Structures are given as structure tokens and as C-alpha cells.
Amino acid sequence: MPTTTSSASSSSSSVSGNNRQADVFSRLASSDPEVKLKALREVKNQIIGNRTKKLSFLKLGAIPAIASVLADADDSDKCNNILVQSAAALGSFACGFEAGVQAVLDAGVFPHLLRLLTNPDEKVVDAGARSLRMIFQSNQAPKYDFLQEKNMEFLFSLLNSENENVSGLGASIIAHACGTSVEQRVLCEAGVLEKLVILLDGSFSQREACLESLATVLKNNPEAVSDFVGLESGKYFNSVTELTKDRYPRTRLLSCLCLVVIYNTSPSYFVNMGTKSSLITTLLELLNDPGQSGDDAALGLSCLIAEKEDLQQLAYEADAIKNIVDILKTGSELQPRRLQGLFLSLAELCSKLEDCRCSFLSLQVLDLLTNALRHKDADVRAAACICFRNAAQSVKSLSAGRFNSDHAMLPLVQLLHDPSSSVQVAVLGALSNIVLDFSSPKSSFIEYGGIKQLIELSKSMDPIARCSALRALRNLMFLADNKRKELFYSDVKAQGFACLISDPEPPVQEQALALLRNLVDGCISSIEFVFDEDGLILDTVGRQLRKAPQAQMAIQGMYVLTNVASGTELHKEAVMQQLFPQAKAESENFMLNFLQSDESQLRSATVWTIINLISPSSPGAFDRHVKLRNAGVIPQLKNMVNDACLDVKIRIRTVLGQSMSFGDNY
């Protein structure tokens, strides 16, 4: 039978392969140099560009065996070929294969590879330098402390080398190990920029290493950028710009990424709109490159246009949205890094411009986004969520219910359980916008248990997740009907709400108060939530406001009191009790501090509370007015009739008009 024959053939092939690999290991241990050399070449040739073979040899223990060969070989001429081949084999294991890098480092070969750099034979030096560069492409490579003089001397000995692989290694070490502003400063003061720019005129590998290290040294470092741009009157800055037109995709990509770093650090050097357009166009062209350059170009584009409306407009005019969507629709399996970059680029394009959002959604991309929510890579899932979030800023699309379908909502709610905290925060951002779609009386989000999971995440150990969950709940409660509010409150309860308002993180407190503000907005029955358990929630709000909180938190807290004060006489008196607690006379004038705040929104929220408290139609309005006047609140308002904020000025005149009805002239 065909199945039996195929199975037997496969089994025979497997046994044969294992026998050959076992034979290689025995030859690596041979005392005959020629046998050993042939075995090294055989291993190297089999694993180059073959991830499956690398993994197979790694599991069989090939790396320690080759490391032993390297360690045992001396620096005499007769061992040169063995040194070259063992270094090349180890470098091949480390090339683009993280498990290989780890195994190489675990085998203790790093000092032996460094030893090769001082070998008198140029071929041995080349092999050692190339192998080390492969290792330094990984985050697992050792870090160099540039603050130590011996390490700086070693680095400059590499950069000063006439061997292109060695000087390129020096640049690669900088790109890998320079991670702080202090290290950037030390390197620049030592003259590393002047050394690196020399490599721009060197070989392909030298240029590649130079551009990567330049981007590392210049990132978020305006002083270094200024020094670089000023070198020889802008010669090298212009050289990097010209390299965006190079015939090699990798060179074009790295020069673009270097320019992205410079632009994001010091945009003043890009006054020419044509340079910006050219940079965007080149990155868009590189998106179609099938290799690593295409993967990195996607992330580079997203970094370039992030938070920049002018560049987003240029990218939109360059047809970036259609180009990216076409790539996503090709059906070919894209690398996770490329997918992440493509979705982040789309997210940035949709972050500010409604035209971009409309163009994006017109291309029928929701299925692509929804599929990405289920991707095995957490970074891709997070990027898709961010894309959802920004696309859902479109009021027109929200109102049409485009994001509230079961097809999209179910995977979004499921991601609230994602093991990755970054994915959870990203999906919370998406849902914060999507739940604003209150046109549907029966939300699938609620049916899938979204409210319960948001409440759970509001108790997360991660303050960012807590804050994001509360923001989503806040939006869910915006103009919500009483049924939805009751459903939410039945799970959170007064004690839970009080804990959220008292959270140790001010941003969480702010979002909790903003949520409460929306919860008690609307009909009278909504206000009753704050009186549950003997007014625990309202007491907590009053206590937080008396602690002289940050302005943004105080704004939300005062709007809670504003909404409560819009209710019945009982509600108004409860607010007065928070403003003037009998046992806390020292805190009675916190409203005066709010009225004198530099934040116009806080002044406005405080005046709104007063308007609701002394509405002339309320039976107790006169007594409340007297208390406010005696506390200095009404006199303070009289001093604010010409407030710089128009909204505050209008509200103050409303209060003073109310005061006149009680015989208080101004």
C-alpha cells in the first residue's frame, strides 16, 4: 500500500540521516585535523539558511562539540583552517536563530571567538569577526559597559581596524549595547560619531553596521543629532539621505530608519517637504520586499508617522492605506514582525484623520483585523487591537454599528482574558471606543460577559490595566440606560466602587470618578447608587476631594457632586454635607481652592455644583446660599465675573443671578 511504502521510506530516510549526523560527531572528535576539518565544513554547509537542520544539530549537541574544537585549536598556522571553519559554523548557528545564539553562548565560545581577532592570519580574523557579528544581532549577546575604560579602548581598537569585518563588529557592538542616554553621551564625547561616519564610505557590511549604530547613538539624543548633522557641514547627513536611493534594499531600509530616528528626535532638520515625502515613499516601496527589509520597513513607517498629522496626510496621499491593505490581502504568510508593523502603520494612519479612517474601512478590512486578533503572536494581536481602537474613532462608522457585530466582538471580548498584559491593555483601548456605540439596545459585548471581565480587570495588579478597564466602563456608562447601569452596579457594589476611588494610583482614581460621574448622570434613580450602604460611595468622593487631589481627579469628583446636586432636596443636602462636614471644619474651604485653580475645567465644574445647589426652585436653596456666602464662596465668585474662561464666566453670572433672587446684589 502507498501509505506503508511511504512510511517505510520515511523511516529509512530518518535512520539514515541520524546515522550520518552521528558519523559527523565522531569525526569532529577525530585526532586527524583533515577529518575534523571536513566534518566542520559538512556541518556548516548543511545548516546555512536551514533552520530545521540547525535545530536538529542543536538537539544532538553539535554546538558544544564544535566549541570544543575551537577551544582546543591553537593559533599556529596548521590550525588556521579549523579555526576558520569552527567559527563559521558557530556563526551560522547564531545567524537569525535565537536558540542557536543561546546555545553558542552557553557553550562558552565567546572568549575564544574574541581571541581570533588578534590572530595573525587575516582569514581567521574575518571568520571570528563575522561570527561575533552574528551573535551581536541578538538581544541575548553580552552587553558592554562603555563607562569602563578598558571596554571603550577595546571598542575603538575595533573601529580603528583596517579589517572591514572587525570595524563592522565594533559598530554592531554599539548598535547592540548602547541603551542609555549616559552611554550615548560617553560614546559621543569619545568621538564615536567621527569614527562611525568613516564607515559610510566603506563596504556594504560596514555601511549596514554604521547605519544601525548611528541610529542607536542618535535616538532621542538632540545633542548627538546636532553634532552628526554638523559634521563637515552636513556631508554625512546628506550621505545618509542619498543612501535611501541605494540599489540594495537593506541599505535603503537602514538609511531610512536612521533618518526616522533623526526626524523623531529633531524634526527641525527636515524643513523640506520633499524629503519627508521621499522618505515615506521609500518606506512604502520597501514594504514589498520579501525579506527582513520589508519586515523592518513596516515598523519604521509606523514610527515615522506616529502622532504626526502632517506625515499621516502625506502617507495617505501616497496611497499608503491601499498599499498596506493589498499586502495584507495577498494571502501569503507574513512574518509576525511585518504583520505587527503593517497593523501599527494602519493604526497610526487612522489615529487623527477621518479621511484615513473612512478610506481604511471602505476597503473591507474588518475580516483581516478580526483574524489578526486570533494570531499566535502577542505583538500582532496587540497591533490589531490598536488598529481597531483608532478606526473606531470614526463616529460615522460607530453609529452604523460596524464594530458591534458578533464576528468582531467575540474575539475582542475573548482577548480580555489574554495572557499578555500588553494585549489586554490594547484591547481595552479598542473596546473603550467601540462601546461608545450605544445605538444598539442589546449589545453583544454585554452578552459575551464583557462587563464582568472589565470589572475583573479593574482589580488587576497592573495599574495601566486597571485604568484602561475603568476607561472602558466609563464609556460604556456614557448615556447608558438604567438597565445597563443596574447590570454593572450589581457586580461592582458600593464597597468595590469605594476601593476604586481610593486606589493608590491617581490616574485610576480619576477614571473611577469619571465612571461614577457617568453612572449618576441622567435620571434621578441613577443618583441613588451613591447612597447605597449608607452613602459609602459619596463619602469616599468627599474624602478624596478634601485631600487636595490632582486637578484632573478633582474635576471628575466635582462633576460627580454636580450630578448628585441635580437631584432631589435630599441629594442636594447630601452634597452640602460633603462640602461642609461638621467634624472637619479645617476642610470647609476646599471649594475656594478649586475656584482659584489654574484649571478652567475645575473652576467650571465647581461653579456647576453651586448652580445646582442653589437653584431657586429648590426649597432649601436659600439656606444653602447663606452657607456658601458665609464660607466665602459667593464673594469669591463675585471676584471672578471677568474670568478668563468664557464658560466659567457664563456660569458665574448664572450663580450671581440666582443670588439676586435671594436679595444678594453684586
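I began with the buried residues of helix 32, and I listed them as Val-508, Gln-509, Glu-510, Gln-511, Ala-512, Leu-513, Ala-514, Leu-515, Leu-516, Asn-518 and Leu-519. I kept in mind throughout that this is a predicted model.

I noted that 11 of the 14 residues of helix 32 are buried, which leaves the helix mostly covered. For the partners of these buried residues I found helix 30 (463-476), helix 31 (482-501), helix 33 (524-527), helix 34 (532-545) and helix 35 (551-565). I then checked the length of helix 32 (residues 506-519): at 1.5 Å a residue the expected span is 20 Å, and the end C-alpha atoms are 20 Å apart, so the two agree.

I turned next to helix 10 (residues 164-177), where His-176 is found. Helix 10 is also mostly covered, with 12 of its 14 residues buried, among them Asn-165, Leu-169, Ile-173 and His-176. I recorded that the buried residues of helix 10 pack against helix 8 (122-136), helix 9 (149-159), helix 11 (181-189), helix 12 (192-198) and helix 13 (204-218). At the start of helix 10, I saw a side-chain oxygen of Asn-163 reaching to within 2.9 Å of the backbone nitrogen of Asn-165.

Last, I looked at His-176 itself: its relative accessible area is 10%, and because the cut-off for buried is under 20%, His-176 counts as buried. A polar atom of the His-176 side chain lies 3.3 Å from the backbone oxygen of Pro-142. Leaving aside neighbours within four places in sequence, I listed the contacts of His-176 as Phe-136, Ser-138, Asn-139, Ala-141, Pro-142 and Lys-143.

Methods: Residues numbered from 1 in each chain as written. Predicted model: local features only at pLDDT ≥ 70, side-chain atom pairs only at ≥ 80, totals over all residues. Heavy atoms only, no water. Helix = DSSP H or I, 4+ residues; strand = E, 2+ residues; numbered from the N terminus. Expected span 1.5 Å × (residues − 1). Buried < 20%, exposed > 50% of the residue type's maximum accessible area, 1.4 Å probe, protein only. Contact = heavy atoms within 4.5 Å. Polar contact = N/O pair within 3.5 Å; in protein donor to acceptor, adjacent residues only side chain to side chain.
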